[in-house]
Amino acid sequence: YSGSIFTKIDSGITKDPKSWKDKRFALVNKVTTAGYLYPLSLLRLSGYRGAPEAYFRQMTFTGSHDAAILAVFNGETDFGSCKNTVYEEYTKLHPEIQRNLTVLATSAPVPSNGLGVRPDLDPGLKRRLREALIAMNASADGQRALRLFQAQRFVETGAGDYEPVFLMA
């Protein structure tokens with residue numbers, strides 16, 4: 001997925017973080033890449049070095065990606081940030097939102113919902129766990145389990161796959 005920064009079409013806010021000064025910002029949660037790390041990395045890249053709370057009139061943590069979208073649509077905040085996959089699905093289901101919001105910026109793609117294990121875990125158990133997770137989407141039971149947390153499949157990743165996240169951080 002990617003991070004998306006969005007606003008109402010007529011807001012006057014642009015992808016330039018200088019246009020974000022003293023605006024109300026809807027973020028998802030401090031532990032999300034798309035809904036926190038990505039937009040604040042753009043703010044830092046623009047040259048701002050202070051506390052984010054001092055830059056914005058208000059920072060609202062909505063707790064979910066769709067709630068960030070609704071906060072902007074309902075005029076509770078001026079712009080927001082969330083996962084592109086949630087934004088695309090939500091605006092597809094709600095054409096009135098799609099007609100009124102626009103995406104200003106999109107991050108590089110990053111892995112979704114990584115799973116890590118402790119380094120001293122038995123190597124055989126690590127291998128079996130990796131094999132079971134990667135093969136999950138090949139069975140009906142596995143597909144049902146994946147749907148429960150809105151995933152399509154597991155893929156093996158390495159540190160290089162997280163390079164965009166490291167750069168944002």
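A salt bridge is taken here as a side-chain nitrogen of Lys or Arg within 4 Å of a carboxyl oxygen of Asp or Glu. In this predicted model, Glu131 forms such a salt bridge with Arg127, the closest N and O atoms being 3.4 Å apart. Both residues belong to helix α6 (residues 123-135), where they are 4 residues apart, about one turn of the helix. Glu131 counts as partly exposed, at 44% relative accessibility, and Arg127 is likewise classed as partly exposed, at 38%.

A further salt bridge involving helix α6 is found between the side chains of Arg130 and Glu156, with a distance of 3.8 Å from N to O. Because Glu156 lies in the loop between α7 (140-148) and α8 (163-168) whereas Arg130 is part of helix α6, this pair ties together parts of the chain that are 26 residues apart in sequence. Glu156 counts as exposed, with a relative accessibility of 54%, while Arg130, at 37%, counts as partly exposed. Elsewhere, Arg24, Arg57 and Asp78 are joined into one network by salt bridges that share partners. The side chains of Asp120 and Arg118 also meet in a salt bridge, at 2.8 Å from N to O; in this pair Asp120 is exposed, at 59% relative accessibility, and Arg118 is exposed as well, with a relative accessible area of 52%. In total, the structure holds 6 salt bridges.

With regard to the overall architecture, the chain has 8 helices and 5 strands, which follow one another along the sequence in the pattern β-β-α-α-β-α-β-α-α-β-α-α-α. The C-alpha atoms fill a box of roughly 55 × 40 × 20 Å when the principal axes are used as the frame. Of the 169 residues in the chain, 37% are buried. Among the contacts with a separation of 6 or more, 70% are accounted for by residues 24 or more positions apart.

The 5 strands form an open sheet with mixed pairing, in the order β3-β2-β4-β1-β5. Strands β3 (58-61) and β5 (101-106) stand at the edges and each has a single partner strand, so that one side of each is left without a neighbour in the sheet. From one strand to the next, the twist averages 25 degrees. Helix α4 (residues 84-93) packs on this sheet, where it touches β1 (3-8), β4 and β5, and its direction makes about 105 degrees with that of β4.

Within the sheet, strand β2 (residues 24-27) pairs in the parallel sense with strand β4 (residues 79-83) over 2 bridges. In this pairing Gly80 of β4 is the bridge partner of Ala26, and Phe25 stands opposite Phe79. Strand β2 also runs parallel to β3, to which it is joined by 4 bridges; here the bridge partner of Arg24 is Gln58 in β3. The side chains of β2 are divided between two directions, with Arg24 and Ala26 pointing one way and Phe25 and Leu27 the other way, and all of these residues are buried. Arg24 thus appears both in the pairing with β3 and in the salt-bridge network that includes Arg57 and Asp78.

Helix α4 also contains Asn84, a residue that is buried, with a relative accessible area of 14%. When neighbours within four places in sequence are left aside, Asn84 is in contact with Tyr1, Ser2 and Ser4.

The largest pocket has a volume of about 1,300 Å³. Its lining comprises 31 residues, and those that lie nearest the centre of the pocket are Ser112, Asn113, Ala151, Arg153 and Phe154. Helices α4 and α6 each supply at least two residues of this lining. Helix α4 therefore takes part in the lining of the largest pocket and also packs on the sheet, while helix α6 contributes to the same lining and holds both Glu131 and Arg127.

Note on methods. Residues are numbered from 1 along each chain as its sequence is written. This is a predicted model: local features need pLDDT of at least 70, side-chain atom pairs count only at pLDDT 80 or more; totals for chains, interfaces and linings use all residues. Side-chain values use heavy atoms; hydrogens and water are left out. Two strands pair if DSSP finds at least two bridges between them. Axes are lines fitted to C-alpha atoms, for helices over the stretch in contact, and angles run from 0 to 180 degrees between N-to-C directions. Contact means heavy atoms within 4.5 Å. Buried means under 20% relative accessible area, exposed over 50%, partly exposed in between (1.4 Å probe, protein chains only). On a 1 Å grid over the protein atoms alone, a cavity is a set of points where a 1.4 Å probe fits but cannot get out, and a pocket is an open set with protein on both sides within 12 Å along at least five of seven lines; lining residues have an atom within 4 Å of a point. Grid points are joined across faces, edges and corners, and a volume is the space filled by probe spheres set on the points.
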